[in-house]
Amino acid sequence: MIPSLATAGASARARPWAEAGRRFWANRLAVAGLAVVVLVAVVALFAPVVARHDPLAIDAALSRQGPSRAHWFGTDQLGRDVFSRVVWGARTSLAVGLGTALAATLVGMVVGLVAAWRGGRTDGVLMRLTDVFLAFPYLVAAIAVVTIAGRGTATVVLVLSLFGWMAIARIQRAAALVVRDAGYVQAARAAGVGGARIVLGHVLPNAVAPVLAVAATFVGTAILSESALSFLGVGITEPQPSWGLMISRGSSLLRTAPHVLLFPGGALLLTVMGFVLVGDGLQDALDPRARR
Amino acid sequence: MSALRGASSVPALAVADLRVEFDQRVVVDGLSFSVEVGETLALVGESGAGKTVTGLALLGLVDGGRVSGSIRVGGREVAGLDEAGWRGVRGSSVAMVFQDPMTSLDPVLTVGRQIADVVRVHERVGRRVAAARAVEALGLVGLPDPRRSARAYPHQLSGGMRQRVAVAMALACGPAVLVADEPTTALDVTIQAQVLDLLRDVQQQTGTALVLITHDLGVVAGWADRVLVVHDGREAESGLVDAVLGAPSHPYTQSLLAAVLA
């Protein structure tokens, strides 16, 4: 702070991002969500250490056993350790969630920024393209892509980001439209700063907050979608551990061995909630006025 | 100063028959004026008279309108340049200070960084040199402790300080012409005179020609050398400030003056 220059109302405020960080840490739900996210990330990162058994090791003699000291989450139909599969499944989920969110956010930001900055015909074409993708039945597309590219993590990320960038693009465009007409953008133009520099240096930093919040939530949504795709048989394939796949295979055992279904389901619920809470927390921290 | 004036017979800015049209609507209709090095010309008129559009046209910033006529900066024709050509003019030959200093600075960047960015757009200098130039520019506009001020964010500065920063940013690359669009309208009355004095001071140090857009005849009387009264996009009257305000010949100027005295 510069006391001699500070005006009365401004003295309590530090730089905008630091202020947002302070608001985020003051939000208990957001911090709880972040804790869950960090926990899942650590588990995924150290999966070989955390998992106590080989997630792929089949032992017919141990089929459908309940939780025990040897197998904390019990075993599935093939006698595989459910705990180890949930731990390794975290890798699949995070890879899909983060990969998809990253790809979709990048595409959405570029489309939204270009549409807002160029306006006119470019804007019209890009937004109609967005509408087309929104109107496309994504499950049909997923099946088509899987047929061509084969199943696997990369295909899931491709499908989900191909049909997930539209919301980001619309939000980015709306935020950039407000900033485009800001006084400091005109001032930068009047100072001879070029279009690309203005977009990256002034428009993006001032219009990125709502996108960050949505992107964090989107990680959770993507993890959920991966489960749905795997459940339907167009996502991750056996024997790779995936929570969606485990829920799918375990659904027939709901009466006899519910633990096969409940543990991956719980992990899924907890992880998705973690990301959604972080997203909500970012939303509130970055734009306190929009708080309901 | 006088040496500067004498050295060039070419005016810093010469505008001839400037016209700006939006969808068949003529907003600026054949304005001609020139500003000498170190001189201040006031563009006066009520809201919607075409003053601001005229100012923007001097930087090629009229979006969606058709501009015709001649704009010469130091003898060089700039009207009709393409966007890339205009980028080279803006900031380095013709710069602008806007009305509201609360919105004309980017809230997420330090003021020093914003000025340094402008320097780096126009000159091949490194970060350190640009940062030093920013500090220098902030010193020129009278910010206390320019080195520390450069690290301040806009919200940490008062309105008057921000407008000083905006002036520093406009002057960072030594433009020949500075267009100031109602630079004090958004400020407290007590600060207005300070900013106008500042513009006069830096003008005397740098020899910049100043186009001062205002609706305030008090500002014209106190700080301009010559005045151009604009009415409906056309020139109503022009001349030395004392002559025009002392004995207005055009009925529009008379009504403007009457409005102030009333």
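The following exchange takes a predicted model and asks, term by term, how its descriptions rest on computed values.

Reader: What kind of model is this, and how are residues, chains and values treated?

Author: This is a predicted model in which local features need pLDDT of at least 70, side-chain atom pairs count only at pLDDT 80 or more, and totals for chains, interfaces and linings use all residues. Residues are numbered from 1 along each chain as its sequence is written, chains are lettered from A and ligands numbered from 1 in the order in which they are written, and side-chain values use heavy atoms, with hydrogens and water left out.

Reader: What are the confidence scores of the model, and what is the average pLDDT of chain B?

Author: The model scores ipTM 0.87 and pTM 0.83. On pLDDT, the predictor's confidence in each residue on a scale from 0 to 100, chain B averages 91, with 97% of the residues at or above 70. Residues 1-6 of chain B, however, have a pLDDT below 50, and beyond near neighbours in sequence this stretch has 9 contacts in the model, a contact being heavy atoms within 4.5 Å. Where pLDDT is low, the predicted coordinates should not be read in detail.

Reader: What secondary structure does chain A have?

Author: Chain A has 13 helices and 0 strands, where helices (H or I, at least four residues) and strands (E, at least two) are DSSP runs numbered from the N terminus. Its C-alpha trace spans about 75 × 50 × 30 Å along the principal axes, and of the contacts in chain A with a separation of 6 or more, 70% are between residues 24 or more positions apart.

Reader: Why is Val42(A) called partly exposed?

Author: Buried means under 20% relative accessible area, exposed over 50%, and partly exposed in between (1.4 Å probe, protein chains only). Val42(A), which lies in helix α2 of chain A, has a relative accessible area of 42%, and is therefore partly exposed. Asp131(A), in helix α5 (residues 120-135) of chain A, is likewise partly exposed because its relative accessible area is 26%. Across chain A, buried residues make up 47% of the 292 residues.

Reader: What makes the nonpolar surface patch, and which helix gives the most to it?

Author: Patches are made of residues with over 30% relative accessible area and no salt bridge, with like charges joined within 9 Å and nonpolar side chains (Val, Leu, Ile, Met, Phe, Trp, Tyr) within 5 Å; a salt bridge is a side-chain nitrogen of Lys or Arg within 4 Å of a carboxyl oxygen of Asp or Glu. Val38(A), Val42(A), Leu45(A), Phe46(A) and Val49(A) make a nonpolar patch of about 490 Å², an area from the Shrake-Rupley method with a 1.4 Å probe, for which, in the case of residues, only the protein chains shown count as cover. Helix α2 (residues 28-45) of chain A gives the most, with 3 residues.

Reader: Why are β2 and β5 of chain B said to stand at the edges of their sheet?

Author: Two strands pair if DSSP finds at least two bridges between them. The open sheet has 4 strands in the order β2-β1-β4-β5 (chain B), with antiparallel pairing. β2 (25-35) and β5 (76-77) each have a single partner strand, so one side of each is left without a neighbour in the sheet. Strand β1 (residues 13-22) pairs with β2(B) over 8 bridges, β1(B) is joined to β4(B) by 7 bridges, and β4 (residues 66-73) is joined to β5(B) by 2 bridges. One facing pair is Arg72(B) and Glu77(B).

Reader: What makes the backbone at Gln24(B), Glu182(B) and Pro239(A) worth asking about?

Author: Most residues other than glycine have a negative phi, and most peptide bonds are trans. Gln24(B), in the loop between β1 and β2 of chain B, has a positive phi near 75°, and Glu182(B), in the loop between β7 (177-181) and α8 (189-206) of chain B, has a positive phi of about 45°. Gln24(B) counts as exposed because its relative accessibility is 74%, whereas Glu182(B), at 9%, counts as buried. The peptide bond from Glu238(A) to Pro239(A) is cis, with omega near 5°, and Pro239(A) is placed in the loop between α11 (209-232) and α12 (243-250) of chain A.
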